[in-house]
Structure formats: structure tokens, C-alpha cells
Amino acid sequence: MERLLTGLQPSGTLTIGNYCGGINQICKYQETYETFLFVPDMHAITVPQDPEQLHKNIRQAVGLYLACGVDASLDNMHIYIQSENPYHANLSWILECHSYYGELARMHQFKMKSKNNESFTAGLVTYPVLMAADILLYDAKYVPTGVDQKQHVELARNLAERMNSRYQEECFVVPEPMIPEVGAKIRDLANPLNKMSKSADNPKASVFLMDTPEEIKKKIMRATTDSDGKIAFDEENKPGVSNLLTIYSVFAGVSLDDTVARFDGGGYGDLKKAVAEVLAERLTVFQDKYAEIMKSGIVDDALDRGGEYARQIAAEKYEKIRKIVGFGRI
Ligand code: AQP
């Protein structure tokens, strides 16, 4: 089985954007690929986090993966926490020493997150290298992601190719981003030019997987659209309306063309009502399942099992690479 890997930062409660770019794709391909699904808690501290809240977010993230349909009982599903495996940081250091400051400073996410912030951490610059280590440690071929992380997967590709060529050995499998056709960039509800984020300054502009039907309705009914009044999918000229159509398509399980046809000729109010309803319905199912999961011991069982397996794979890869670069004794 080829390998697929992804992680969702526990920097807050996951959003419907994280579902579309990450979790939904895992669910779709979990029977096809050996899947490494981790909680990148080390990435979360590139910006300040409250330690108590971070612990809670980590557990909540795993509960949500499972509630949204990830099947922890599959033999080929490995769920683990990044910081419980020291090889991620070890390999990241080696990769940092094969990365150029210029290529890291050009990363779109770094530019966005460091904008108007004089005191950003060094980790904010180097975290895409840690992400490369997360991927390359497991020889993952496919990395499900939204468009926002595509550049980081490209860095992982470049580093794999650079190492393979410099040491004239197959150090790493060269990974590929796996970007969904629909839902690769769910947009911020207030400013649809931006992507929806779990740690956005305005929490009313994001729908979180734990939002109540009332919260969802309020947020969706206030979503920014345009003054044109026509329902059409046109991301450039009608990003707000296109975003609502996309959300409906993913959560109702209807193709984008059929979604557009369904709302063609109607008003924005009807579209918003339908989006709020379908989201409330799907998220309520996830939340009910989440409540059951959190009462059971399934989260810790899955993490114990996945952690042990992941450490074993990562140790083998790290030992190989440390010898290749010349560390330690012959
Ligand atoms: N708006 C989005 N639309 C589609 N996919 C998205 N992803 C994130 N936002 C959207 C995808 O979700 C997966 C996990 O991302 P992450 O949590 O590791 O980091 P992120 O991309 O930085 O997500 P956030 O929500 O914006 O987090 P914060 O606010 O902490 O920076 C990835 O596959 C990502 O592409």
C-alpha cells in the first residue's frame, strides 16, 4: 500500500475548512492507502499557546478526526501525536541544514503570519522544514492538503530531491500534494478573499466543527456576498457566493454543478438558509459521535497504538539518514 500522511494543527477548534482540506480526504482514501494521521502540536507553538488549552485541543482534535469518520480500527490507520516522537525534531534539524533561509522567508504563510509582527519566532520561519520532516520520515507519497499548504509540500519535495541528489542515495520518497477538487480553499465568511482559519482574529468569520446550529445560522446568514444578486460559481468575481456553493456541495455531498443548478435563479437568502441547514445537520451528527467517543477510551487506545508504530518507522528512517549525512561513529 502506498502511504498517505496529514496532520491538523491543534491551534484551536478545527473548522469546516480543515474538514474539507484534510479530514474529508483522509476519510475518502483510508481504505486505499496506509494512512499516517498525526496531531502536529509542535507546529502549534510557532505562535503563543496556552498550555492547558493546547492539551485540550490535542485530545479534541483526535476526537474530531474519529467523529468525522476516520476509522481507527483499520490496521492501516496510524494516529499519533507529533511531540511524542522525537525523530520529527531530529530529522527537521538535518533538513534545516539543507534548506536556505531565502526559500523559507518566501513562504506565503510565513509572510502572512509575520506581517505587522516584529516579534515573530524563529519557529515561524522554520516550521515548513519541520513539516517536511513530518512527511519524509514516513516516506509518504500523498499529502492531502488545502491550497494554503501546497507550497509547504513543495518544499518537502524539493528537500527530498535535494537530499537524494546530494548523497546519491534514495534518502526519501518524493511526496505529492493531494488537493481536493472542491473545497481546497474554504473562505473567511467576513472577508472571502482570505481563507477560513481556526485562529482567525474574527471567530464569527469561521465555522468551527463544534459550533451549535444557532451559531452556524448566525454566521452563515451574515456571510459577505455581493450586490449582484445572481447565483453563480465565479471565485474571482463572486468569492463569497462561490464559497457558500462550495460549502453546500461538500457537506450535502452534491457535485458543484448540481449545487449551482439547484440554486440557480434563487436569492442569496435561500442559499444561505440551505447552507446553514446542511451544516447544522452534518455537524450535529459529528458532535453526537464526538460526545460518545470522548466518553470511551478509544482516543488513548488509538494514540498508544499509532504512536508505537510511528516511532518504529521513524526511528528506522532517522537512523538511515543520520548515517548517510555522516553523524556519529562508523
Ligand atoms: N480554509 C481552508 N480550506 C481548505 N483547507 C484548509 N486547511 C486549512 N484551512 C483550510 C487545511 O486543513 C489542514 C490542516 O491545516 P492546519 O490546521 O495544519 O494549518 P492551517 O492550514 O494553518 O489551518 P488554519 O485553520 O488556518 O490554522 P491556523 O489558524 O492555526 O493557522 C491542511 O491540509 C490545510 O491545508
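# Briefing: ligand site, aromatic pairs and selected residues

An oxygen atom of the ligand lies 2.3 Å from an N or O atom in the side chain of Ser199, and a distance of this kind is read here against the polar-contact limit of 3.5 Å between N or O atoms; within protein, one atom must be able to donate a hydrogen and the other to accept it, and residues adjacent in sequence count only if both atoms are side-chain atoms. The structure is a predicted model, in which local features need pLDDT of at least 70 and side-chain atom pairs count only at pLDDT 80 or more, while totals for chains, interfaces and linings use all residues. Residues are numbered from 1 along each chain as its sequence is written, and side-chain values use heavy atoms, with hydrogens and water left out.

**Ligand site**

- Besides Ser199, Ser11 places a polar side-chain atom 2.5 Å from an oxygen atom of the ligand, and for Lys195 the corresponding distance from a polar side-chain atom to a ligand oxygen is 2.6 Å.
- The ligand taken alone exposes 640 Å², of which the protein buries 97%; such areas come from the Shrake-Rupley method with a 1.4 Å probe, and for residues only the protein chains shown count as cover.
- There are 23 residues around the ligand, and those that come nearest are Ser11, Asp148, Ser197, Lys198 and Ser199; a residue is near a molecule or strand if one of its heavy atoms lies within 4 Å of it.
- Helix H1 (16–29) and helix H6 (108–114) each supply at least two residues of the shell around the ligand, and H1 gives the most, with three residues; helices (H or I, at least four residues) and strands (E, at least two) are DSSP runs numbered from the N terminus.
- The ligand sits in the largest pocket, where sitting requires more than half of its atoms within 2 Å of the grid points, and a pocket is an open set of points, on a 1 Å grid over the protein atoms alone, with protein on both sides within 12 Å along at least five of seven lines (a cavity is a set where a 1.4 Å probe fits but cannot get out, and lining residues have an atom within 4 Å of a point).

**Aromatic pairs**

- The structure holds 12 aromatic pairs, counted when rings of Phe, Tyr and Trp (its six-membered ring) have centres within 6.5 Å, with planes under 30 degrees apart called stacked, over 60 edge-to-face and the rest tilted.
- Phe38 and Tyr80 form a stacked pair, because their ring centres are 5.7 Å apart and their planes meet at 15°; the pair links distant parts of the chain, with Phe38 in strand E2 (residues 34–39) and Tyr80 in strand E3 (residues 77–81), 42 residues apart.
- Phe38 has 3% relative accessibility and counts as buried, as does Tyr80 at 1%; buried means under 20% relative accessible area, exposed over 50% and partly exposed in between, with a 1.4 Å probe and protein chains only.
- Tyr248 and Phe263 form an edge-to-face pair, 5.0 Å centre to centre with 85° between the planes; Tyr248 lies in helix H10 (residues 239–252) and Phe263 in helix H11 (residues 256–263), so the pair ties together parts that are 15 residues apart in sequence.
- Tyr248 and Phe263 are both buried.
- One aromatic cluster is formed by Phe36, Phe38, Tyr80, Tyr138 and Tyr309.

**Positive phi values**

- Most residues other than glycine have a negative phi.
- Asp139, which is not a glycine, has a positive phi near 50°; Asp139 is found in the loop between helix H7 (122–136) and strand E4 (142–144), and is partly exposed with a relative accessible area of 23%.
- Gln168 likewise has a positive phi, about 55°, although it is not a glycine; Gln168 is placed in the loop between helix H8 (150–166) and strand E5 (176–178), and counts as exposed at 68% relative accessibility.

**Residues brought together from separate parts of the sequence**

- Glu316, in helix H13 (residues 298–325), is exposed with a relative accessible area of 55%, and its C-alpha lies 9.7 Å from that of Tyr87, the two residues being 229 residues apart in sequence.
- Ser99 lies in the loop between helix H4 (87–96) and helix H5 (101–105) and is buried, with a relative accessible area of 12%; the C-alpha atoms of Ser99 and Leu155 are separated by 9.0 Å, although the residues are 56 residues apart along the chain.
- Met77, in strand E3, is buried with a relative accessible area of 5%, and its C-alpha is 9.8 Å from that of Ile26, 51 residues away along the chain.
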